[in-house]
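Student: Got a minute to go through a fold with me? I'd like to start with the overall layout and then look at some helix packing.

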Amino acid sequence: MDHEPPAPPDLAGRWVLLAYRIPREPSAPRIAVWRKLDRLGVARLGDGLVALPADARTREQLEWIAEEIGAADGTATVWLATPAGTAQERAIAEQMQAARRAEYLAVVAAARAAENAGAGERSRVAGRLRAELRRIGRRDFFAPAERDVAHQAIRDLTAFEQVPARRGDDREAGEAGDGPAAAGARDAGTTPTPKTAPKTAPKAGPR
């Protein structure tokens, strides 16, 4: 089945960059910085150079990490920049969009893997995946179409089909009759005998 190529992301125009160096040892601060940058969804432009679309939030986040790097005996500077050409900027945005696409597809796969589980397990999986979607959404600057697919997969996971009530017993009850006599007859496996009015002898006429 052929798929249309993904739409190109809308460009940001202005970017905030973090250039940093951090000692390899001890490794704990370096790993902590790497993970924090990963959670932010940065584009990695080179060794020790990352970028995010510029706004007040992303600038503040990278400034905090720069301070953390300095506290670990590293060096860090934060820059505001505009790419020299549209093609360069689009390549950065597509890199970020592809990373989010992979994360959304992982959510879809997890939701579909739980489709045949019990209701309680489906509910637990859906709750976990909703939290994962919130985390992905915070670093999703160029949303791919797979975002909507992931949200729909979770809705499908928690949906259930209402089964109409069975009416077989009601029909059987109607055929057997109503009231205590009918109930007793059903219990005994017999059909109740209908009551008839007593016959009366005809009155003799005058002789």
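Tutor: Sure, let's take the whole chain and then a couple of helix pairs. Keep in mind that this is a predicted model.

Student: OK, how many helices and strands are there in the protein chain?

Tutor: The protein chain has 7 helices and 4 strands. Going along the sequence, the order is β-α-β-β-α-β-α-α-α-α-α.

Student: And what percentage of the residues count as buried?

Tutor: 27% of the 207 residues in the protein chain. As for contacts with a separation of 6 or more, 75% of them join residues 24 or more positions apart.

Student: Let's zoom in on α1. What does the expected span say about that helix?

Tutor: α1 has 14 residues, so at 1.5 Å a residue it should span 20 Å, and its end C-alpha atoms are indeed 20 Å apart. Right after α1 comes G41, with a positive phi near 80°.

Student: Which residues of α1 are buried?

Tutor: V33, L37 and L40. Those three sit on the same side of α1, because the arc they cover around the axis is only 55°.

Student: Why would residues spaced like that point the same way?

Tutor: An α-helix has 3.6 residues a turn, so residues three or four places apart point the same way.

Student: Which residues are on the other side of α1, then?

Tutor: A28, R35 and R39, and they're exposed.

Student: What do the buried residues of α1 pack against?

Tutor: Three strands and a helix: β1 (15-21), β2 (43-46), β3 (49-53) and α2.

Student: At what angle do α1 and α2 pack?

Tutor: About 175°, with the axes of α1 (residues 27-40) and α2 (residues 56-71) 11 Å apart. That angle is why the two helices count as roughly antiparallel, the cut-off being over 145 degrees. On the α1 side, the contact uses A32, V33, K36, L37 and L40, and α2 brings Q61, L62, I65, E68 and I69. By class, that's 7 nonpolar, 1 polar and 2 charged residues.

Student: Switching topic: how do the axes of α3 and α4 cross?

Tutor: At roughly 175°, and the axes of α3 (residues 86-113) and α4 (residues 119-138) come within 10 Å. So α3 and α4 are roughly antiparallel to each other.

Student: Which residues make that contact?

Tutor: From α3, R100, E103, Y104, V107, A110 and A111; from α4, V125, L129, E132, L133, I136 and G137. This contact of α3 with α4 splits into 8 nonpolar, 1 polar and 3 charged residues.

Key. Residues numbered from 1 in each chain as written. Predicted model: local features only at pLDDT ≥ 70, side-chain atom pairs only at ≥ 80, totals over all residues. Heavy atoms only, no water. Axes fitted to C-alpha atoms, helices over the stretch in contact; angles between N-to-C directions. Parallel < 35°, antiparallel > 145°, perpendicular 65-115°, else oblique. Contact = heavy atoms within 4.5 Å. Nonpolar A, V, L, I, M, F, W, Y, C, P; charged D, E, K, R; others polar. Expected span 1.5 Å × (residues − 1). Buried < 20%, exposed > 50% of the residue type's maximum accessible area, 1.4 Å probe, protein only. Arc of directions from axis to C-beta.
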